[in-house]
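Open the model in your viewer and keep the selection tool at hand. This tour goes stop by stop, saying what to select and what is there.

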Amino acid sequence: ALRAYVVTDDKYLKGPGIDLVSKLHAAAEGGATSIQLRLKKTGTADYVALARETQAMLAEFNRRPWFIIDDRLDVCLVVDADGLHVGDGDLDPRDARRLLGPDKVLGVSTYGEVARAEAAIAAGCDYIGTGSIRTSATKITVAKGLGQMPKLVEHVNGRVGIVSIGGVDADVARETCLAGCDGGAAVSYILDATSAEEVRARTAALLKAAQEGVDAYRAQKQ
């Protein structure tokens with residue numbers, strides 16, 4: 001469920017182009033395997049309303065993407081989303097797992113650090129996010145590039161999934177999956193698109209590229 005992971009940002013609530021839920025619908029049509037509602041500047045009531053609207057929209061799909069809520073455990077539980085993603089300054093992963101229970105998905109940002117990855121795995125996460133691969137238009141981060149990947153992939157050793165983040169487009173998804181990731185998480189690459197057709201096409205390209213990278217990585221390992 002990590003191949004083509006679409007993440008939102010508050011800046012896309014009012015465009016450009018079609019509205020956010022319409023973009024997420026198009027992303028699901030394009031093959032998104034996970035959708036994370038990440039809204040750092042949105043109040044609780046609005047967050048819950050948008051989460052419910054998104055959840056209802058995704059219910060239309062036979063092969064429904066994972067629906068993940070960023071940071072807000074309360075929103076995740078209220079709408080009964082598939083899971084929660086936590087990072088620096090959010091709920092401790094151990095507390096998140098305890099409150100979520102064993103059946104919901106838990107993702108944890110690790111910023112490319114092996115110690116954080118190990119702590120996340122020990123807490124019972126299902127997948128981790130890498131450090132930023134490239135600089136991002138939606139988050140102030142230091143780009144760590146592909147150099148972080150060998151040590152991180154070797155340490156995780158298949159115990160949980162790994163998704164790349166930070167300036168991810170189709171090419172970056174392919175490169176990071178070739179380095180051992182299970183998928184790429186994209187924000188601007190998908191949501192900068194202004195029409196449903198473009199969102200679908202970009203999501204399909206993200207999925208195709210990530211799968212190509214995973215297949216090539218597995219072939220190397222045989």
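## Stop one: helix α9

Select helix α9 and show what surrounds it. The cover over its buried residues includes β1 (4–7), α1 (20–29), α7 (170–178), β8 (183–186) and α8 (188–191). Keep in mind that this is a predicted model.

Which residues of α9 are buried? They are Ala 196, Val 199, Thr 203, Leu 206, Ala 209, Ala 210, Gly 213 and Val 214. Colour them, then look along the helix. Helix α9 covers residues 196–221, 26 residues in all. At 1.5 Å a residue, α9 should span 38 Å. Its end C-alpha atoms are 38 Å apart, so expectation and model agree.

## Stop two: Tyr 5 and the core

Now select Tyr 5. Its contacts beyond four places in sequence include Leu 206, one of the buried residues of α9. Tyr 5 also touches Gly 184, Ala 185 and Ala 186, as well as Ile 68 and His 85. Thr 33, Ser 34, Gln 36, Tyr 127 and Val 163 are in the same contact list.

Widen the view to the largest nonpolar core, which has 68 residues. Which of them touch the most other members? Tyr 5, Leu 37, Phe 67, Ile 69, Cys 125 and Ile 128 do. In soluble globular proteins, nonpolar side chains tend to be buried together.

## Stop three: strand β4

Select residues 83–86, strand β4. Are its faces covered or open? Both are covered. Gly 83 and His 85 are buried on one side, Leu 84 and Val 86 on the other.

Next, add strand β3, residues 66–70. β3 and β4 run parallel, joined by three bridges. Find Ile 68: Gly 83 of β4 stands opposite. Trace the chain from β3 to β4: the path goes through helix α3 (residues 73–79), and this β-α-β crossover is right-handed.

Then add strand β5, residues 105–109. β5 also runs parallel to β4, with four bridges between them. One pairing to pick out is His 85 with Gly 107 in β5. From β4 the chain passes through helix α4 (residues 93–100) to reach β5, again in a right-handed β-α-β crossover.

## Stop four: Asp 82

Step back to the loop between α3 and β4, where Asp 82 is found. Its relative accessible area is 18%, under the 20% cut-off, so Asp 82 counts as buried. Show side chains here. Those of Asp 82 and Arg 64 make a polar contact at 2.8 Å. Beyond four places in sequence, Asp 82 also contacts Pro 65, Trp 66, Phe 67, Ile 68, Lys 104 and Val 105.

## Stop five: Thr 130

Select Thr 130 in strand β6, residues 127–132. Thr 130 is buried, at 3% relative accessibility. A polar atom of its side chain lies 3.3 Å from the backbone nitrogen of Ile 165. Other contacts of Thr 130 include Thr 110, Tyr 111, Gly 112, Gln 148, Met 149, Leu 152 and Cys 181. Ile 162, Val 163 and Ser 164 also touch Thr 130.

## Last stop: Gly 180

Finish in the loop between α7 and β8, at Gly 180. Is Gly 180 buried or exposed? At 10% relative accessibility, Gly 180 counts as buried. Setting aside neighbours within four places in sequence, Gly 180 contacts Val 153, Ile 162 and Tyr 217. For a last distance, pick Ala 119: Gly 180 is 61 residues away in sequence and 20 Å away in space, C-alpha to C-alpha.

Technical notes
Residues are numbered from 1 along each chain as its sequence is written. This is a predicted model: local features need pLDDT of at least 70, side-chain atom pairs count only at pLDDT 80 or more; totals for chains, interfaces and linings use all residues. Side-chain values use heavy atoms; hydrogens and water are left out. Buried means under 20% relative accessible area, exposed over 50%, partly exposed in between (1.4 Å probe, protein chains only). Helices (H or I, at least four residues) and strands (E, at least two) are DSSP runs, numbered from the N terminus. Two strands pair if DSSP finds at least two bridges between them. A crossover is right-handed if, with the strands pointing away from the viewer, the path from the first strand over the helix to the second runs clockwise. A polar contact is a pair of N or O atoms within 3.5 Å; within protein, one must be able to donate a hydrogen and the other to accept it, and residues adjacent in sequence count only if both atoms are side-chain atoms. Contact means heavy atoms within 4.5 Å. The expected span of a helix is 1.5 Å times one less than its number of residues. A nonpolar core is a set of buried Ala, Val, Leu, Ile, Met, Phe, Trp, Tyr and Cys residues joined through side-chain atoms within 4.5 Å.
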